[in-house]
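Subject: Structure handover

Dear colleague,

Please find the structure below, with the sequence alongside. My notes on what turned up in it come after.

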Amino acid sequence: SWKSWPLVLLSSVGIFTVLFFIKKVGALAKMREKPLGLIVAIYTFIASLWWGAFANVWPEWDPAYILKGAAYLNHPTFKLVCGGGGDETAWILCPGGYLDRFPYQIPFFLFVKGLNKIFGSYTYQAFEVLNALAAAITVVLIAVLAKKLFGDREVTNLSLLLCAAFLPLVFYVTFAYANTLSLPFVFLGIIWQVVGIQNNDWRYAPAALLSVSIGMLLKSTMIYVLMAMVVVWLLCSIKKKQWRYIGYVFLAVVFYFGSSLVTTASAHALGYNSKNGLPKVVWLAMGTKKPQDMKTNNFGWYNGLPTSWAPEDYDIKRIDRQAESMLQENVKEFQKDPHYAFIFFSKKFASEWTEPTYESLLASSWSGTGPGRAEMSTRPMNPILRSIYYRKGRAFIENWCDILQFLLVLGAALCLIRQRKSLGIERMTAIIIPFGMALLYLLWEAQAQYIMPAYLLMIPYSAFGINSVLSIR
């Protein structure tokens, strides 16, 4: 909010001052990257595990559907009963239900099913450990990316310090979804593309595509990473005049269809048709929907539209027509009132990109609940936990994340300004992705959780920009 800007600006000046003296005494250059990376990774892992234990929550909404459905399919005496209303399990597994209308979730669902086979009733706790491990690996890979992009120890060390300050990555340990699990695969893919371009080595292209494809199977929206990689290879083919990069583009198309084939086969294995999922226009209709209350901050956010059709009424052709009609009505409103269109998209953009926690605390404090589960927000809490969610602790965390978010944007902008004439093509992938996301989520259904990867990708560039300011004499 505007009220926090004085604090954000003053704190940013204070942080720059501290970093200036750290750099002046040579500490940034003297710190060895590998030991610091190990320390930050261990800190991230332990802090994530601590938060998971301290928050002491359970899966809700989509994670609950995934874990519950996987557990029921693994139960030896389970018998699915569809029709007649049914219970939550019927909604998850029956025709017209969760998996039927969201088939892109099925590869991840099968992963959770395998996890449940191993850990049984402790699957959620095992998932939290995997999230903590993925978060720790991600911070290391961000530092590796910074090293490959800029080859500067100070920039790499600054990247690690920014990662250590990135609290939402820790808080998301409680979210039993693929958001965090997909991050290491995405960053590894980007790193391999960078190294492949730098070394002119074709072997890194299939490795990068395989890694990103795994990330896409876990989290389908990571397709924007694949698209950015394709754009960069096309730019390489133009600038370097080498046909091998066109070959990488065709290989990317093969991997894309290969991942789609895996989804189709996974759906078929469970008795679903991957082509029976909700039409994409549903998310566009939802992403452009006028809120009931114009004073709220949820322009184009999730509003329950994908689950509004009862399973017995699930007909994708009819839904496609209805959603297309909704979208056309939304577009007509924008055309009729350009001022409203400007307000809508500016507020939507701001609500997505300026939510400093990226809904990470919401993931363990839902105020709604599914059948048979307690409400997280009303669970017994000690004073510290209650403060973190609702009182002074929450204010401190949001202010801290606000400051960090501002520093990341400022540092990345300074990097682009300083490097505007010498920005190599290999550095473009992680730059293109946030811009592509900004355009995509202006129209698509909005949630701040979708935006967090963009800020993580900014970290190496922010570290370079901040370090360039600290180097001014």
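The notes below cover salt bridges, one arginine without such a partner, two empty spaces and one leucine. Please keep in mind that this is a predicted model.

Salt bridges

Side chains of opposite charge can pair when their charged atoms come close. Searching the whole structure gives 10 salt bridges. Three of them are described here.

The side chains of R373 and E60 form a salt bridge, with N to O at 2.8 Å. R373 sits in the loop between α18 (338–353) and α19 (383–390), while E60 sits in the loop between α3 (33–55) and α4, so the pair ties together parts that are 313 residues apart in sequence. R373 and E60 are both buried.

K68 and E88 make another salt bridge, and their closest N and O atoms are 3.1 Å apart. This pair also links distant parts of the chain, as E88 belongs to helix α5 (residues 88–93) and K68 to helix α4, 20 residues apart. E88 counts as buried because its relative accessibility is 7%. K68, at 23% relative accessibility, counts as partly exposed. The two pairs do not stand alone: E60, K68, E88 and R373 are linked in a network of salt bridges.

In the third salt bridge, between K290 and E333, the closest N and O atoms are 3.9 Å apart. K290 is in the loop between α16 (281–287) and α17 (316–336), E333 is in helix α17, and the pair links distant parts of the chain, 43 residues apart. Both residues are partly exposed: K290 has a relative accessible area of 35%, and E333 has one of 30%.

A buried arginine

What does R101 do for a partner, given that it is buried yet has no salt bridge? The nearest side chain of opposite charge is that of D100, 7.1 Å away; a salt bridge would need the atoms within 4 Å. Instead, the side chain of R101 reaches the backbone oxygen of P306 at 2.8 Å. R101 itself lies in helix α6 (residues 98–101).

Pocket and cavity

Rolling a probe the size of a water molecule over the atoms shows where empty space is left.

The second largest pocket has a volume of about 310 Å³. Its lining consists of 15 residues, and those nearest the centre are P59, L67, K68, A71 and Y124. K68 therefore appears twice in these notes, as a residue near the pocket centre and as the salt-bridge partner of E88. Helices α4 (62–74) and α8 (123–150) each supply at least two residues of the lining, and α4 gives the largest share, four residues. By class, the lining of this pocket has eight nonpolar, five polar and two charged residues.

There are six cavities of 30 Å³ or more in the whole structure. The largest cavity holds about 90 Å³ of space. Residues N179, K219, T221, M222, Y224, Y441, Q449, Y450, M452 and P453 line the largest cavity. Six of these residues are nonpolar, three are polar and one is charged.

A leucine in α15

L251 is located in helix α15 (residues 244–269). Its relative accessibility is 27%, so L251 counts as partly exposed. From L251 to Y302 is 51 residues in sequence and 34 Å in space, C-alpha to C-alpha.

Regards

Key:
Residues numbered from 1 in each chain as written. Predicted model: local features only at pLDDT ≥ 70, side-chain atom pairs only at ≥ 80, totals over all residues. Heavy atoms only, no water. 1 Å grid on protein atoms, 1.4 Å probe; cavity = no way out; pocket = protein on both sides within 12 Å on 5 of 7 lines; lining within 4 Å. Points joined across faces, edges and corners; volume = space filled by probe spheres on them. Nonpolar A, V, L, I, M, F, W, Y, C, P; charged D, E, K, R; others polar. Buried < 20%, exposed > 50% of the residue type's maximum accessible area, 1.4 Å probe, protein only. Lys, Arg positive; Asp, Glu negative; His and termini not counted. Polar contact = N/O pair within 3.5 Å; in protein donor to acceptor, adjacent residues only side chain to side chain.
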